[in-house]
Amino acid sequence: MPVPAELIGRIERLDPMPMTAHRLMRVLQDDDVGPARVASLVEFDPAMASAVLRLANSGAYGGAVRIANLQEAVARLGTTRLVNIVLGDSMQRLKAHVPMYGLGEDELWMHSAAASLAVRALQQERKKAGIPEAAAVAALLHDIGKLVMARFLKADVQALLARSAERGITFVEAERDLLGCDHAEVGGALARHWGLPDEVTDAIEHHHETPTGTPTVLRDAVVVANIVAKTIGAGLSAEGHNLHVDPNAPKRLGLGFSSFSRVCVQTMTSLEDLKASYGKAA
Ligand SMILES: [Fe+2]
Ligand SMILES: [Fe+2]
């Protein structure tokens, strides 16, 4: 189902999330802020990470090779320019929550960060699976479409839940029914519009579908990372567990029950550490 061009056309970029902006401002009081430090700050913020990657890959700054690595992106942009962009944007950040999904912005951030951390846990658990680095970025951005839909499409969570219950369909199918597109498609369309690498776009776009084409390790990792985030209760949203995913994705990664459980525990631990570093209650 194509995403309405009007929807894409209305979005130039998403503003960064406030927690990261605040943290960045604190760090800027230090004298020496290098790309590695800045990259570590934007790493778990979907809107900001996507803005950085989009800019670094844009015509103005892009080299011949597209990059999906945040530190390289920060280095390409230059720390000062990046910081100015980020802080300028943060001033205009929308304050709205995401009522359509029963999620506050912090919860969406938490869910996205958990998915990204889950990819890292998966990489550790299944070293032989060859999960690429870009999978962590794709996991971070996988639900970015929700921000867009919540801001630009009018639908309330109760209507989506009611449609889902009436027709016995998933939450994502209810989105398509009521809104003409779903958040995965919208996220994919945005990622493409921003010029993110194809494999990142593909994973965002298909994280709720049983793949019709040849599945990739990156996409499988994102599909499983989303499930891990939901399993540990990080940003369940109104969708909860009412979703279909490719049941073979864990199998292809060589993940059984015990290894999946270990990945969940590791993700939970990492998420607690991350929340603590952002000054949030664990
Ligand atoms: Fe999703
Ligand atoms: Fe998700």
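Here are some questions and answers about how the residues and helices of this predicted model are described.

Q: What makes Ile204 buried rather than exposed?
A: Let's count its neighbours: Ile204 has 31 other C-beta atoms within 10 Å. A residue is called buried at 20 or more, so Ile204 is buried. Ile204 lies in helix α13, residues 198-205.

Q: Which residues does Ile204 touch, leaving out those up to four places away in sequence?
A: Ile204 touches Ala138, Leu141, His142, Ile144, Ala184, Gly187, Gly188 and Ala191. Take Ile144 from that list: 60 residues separate Ile204 and Ile144 along the chain, and their C-alpha atoms are 8.4 Å apart.

Q: Why is Val65 called exposed?
A: The same kind of count gives 7 other C-beta atoms within 10 Å of Val65. The label "exposed" applies at 12 or fewer, so Val65 is exposed. As for its place in the chain, Val65 sits in the loop between α4 (46-56) and α5 (70-77). The C-alpha atom of Val65 is 9.9 Å from that of Pro197, with the two positions 132 residues apart along the chain.

Q: How do you know whether Leu179 is buried or exposed?
A: Leu179 has 21 other C-beta atoms within 10 Å. Since 20 or more are needed, Leu179 counts as buried. Leu179 belongs to helix α11, and its C-alpha atom is 9.8 Å from that of Val3, a residue 176 positions away along the chain.

Q: Why are α9 and α12 called roughly perpendicular?
A: Helix α9 (residues 144-152) packs against helix α12 (residues 183-193) at an angle of about 100°, and their axes are 7 Å apart. Roughly perpendicular covers 65 to 115 degrees, so the pair earns that description. On the α9 side, the contact is made by Ile144, Gly145, Lys146, Val148 and Met149. On the α12 side are His183, Ala184, Glu185, Val186, Gly187 and Leu190. By class, this contact has six nonpolar, three polar and two charged residues.

Q: What makes α10 roughly perpendicular to α11?
A: Again, look at the angle: helix α10 (residues 157-167) and helix α11 (residues 171-179) cross at roughly 110°, and their axes come within 8 Å. That angle falls in the range of 65 to 115 degrees, so α10 is roughly perpendicular to α11. Where they meet, α10 supplies Ala159, Leu160, Arg163 and Ser164. From α11 come Phe171, Ala174, Glu175, Asp177 and Leu178. The contact of α10 with α11 divides into five nonpolar, one polar and three charged residues.

Q: How many residues are in the largest nonpolar core, and which have the most contacts inside it?
A: The largest nonpolar core has 74 residues, and Val52, Ala118, Ala138 and Ala225 have the most contacts inside it. Helix α7 (residues 105-125) gives the largest share of this core, eleven residues. The core draws at least three residues from each of domain 1 (5-91) and domain 2 (99-277). In soluble globular proteins, nonpolar side chains tend to be buried together.

Q: How many helices and strands does the chain have, and what share of its residues count as buried?
A: The chain has 16 helices and zero strands. Of its 282 residues, 43% count as buried. Among contacts between residues at least 6 apart in sequence, 73% join residues at least 24 apart.

Conventions. Residues are numbered from 1 along each chain as its sequence is written. Chains are lettered from A and ligands numbered from 1 in the order in which they are written. This is a predicted model: local features need pLDDT of at least 70, side-chain atom pairs count only at pLDDT 80 or more; totals for chains, interfaces and linings use all residues. Axes are lines fitted to C-alpha atoms, for helices over the stretch in contact, and angles run from 0 to 180 degrees between N-to-C directions. Helices (H or I, at least four residues) and strands (E, at least two) are DSSP runs, numbered from the N terminus. Angles under 35 degrees count as roughly parallel, over 145 as roughly antiparallel, 65 to 115 as roughly perpendicular and the rest as oblique. Two residues are in contact if their C-beta atoms, placed from the backbone, lie within 7 Å. Ala, Val, Leu, Ile, Met, Phe, Trp, Tyr, Cys and Pro count as nonpolar, Asp, Glu, Lys and Arg as charged, and the others, Gly among them, as polar. A nonpolar core is a set of buried Ala, Val, Leu, Ile, Met, Phe, Trp, Tyr and Cys residues joined through C-beta atoms within 7 Å. Domain bounds come from an automatic or database domain assignment.
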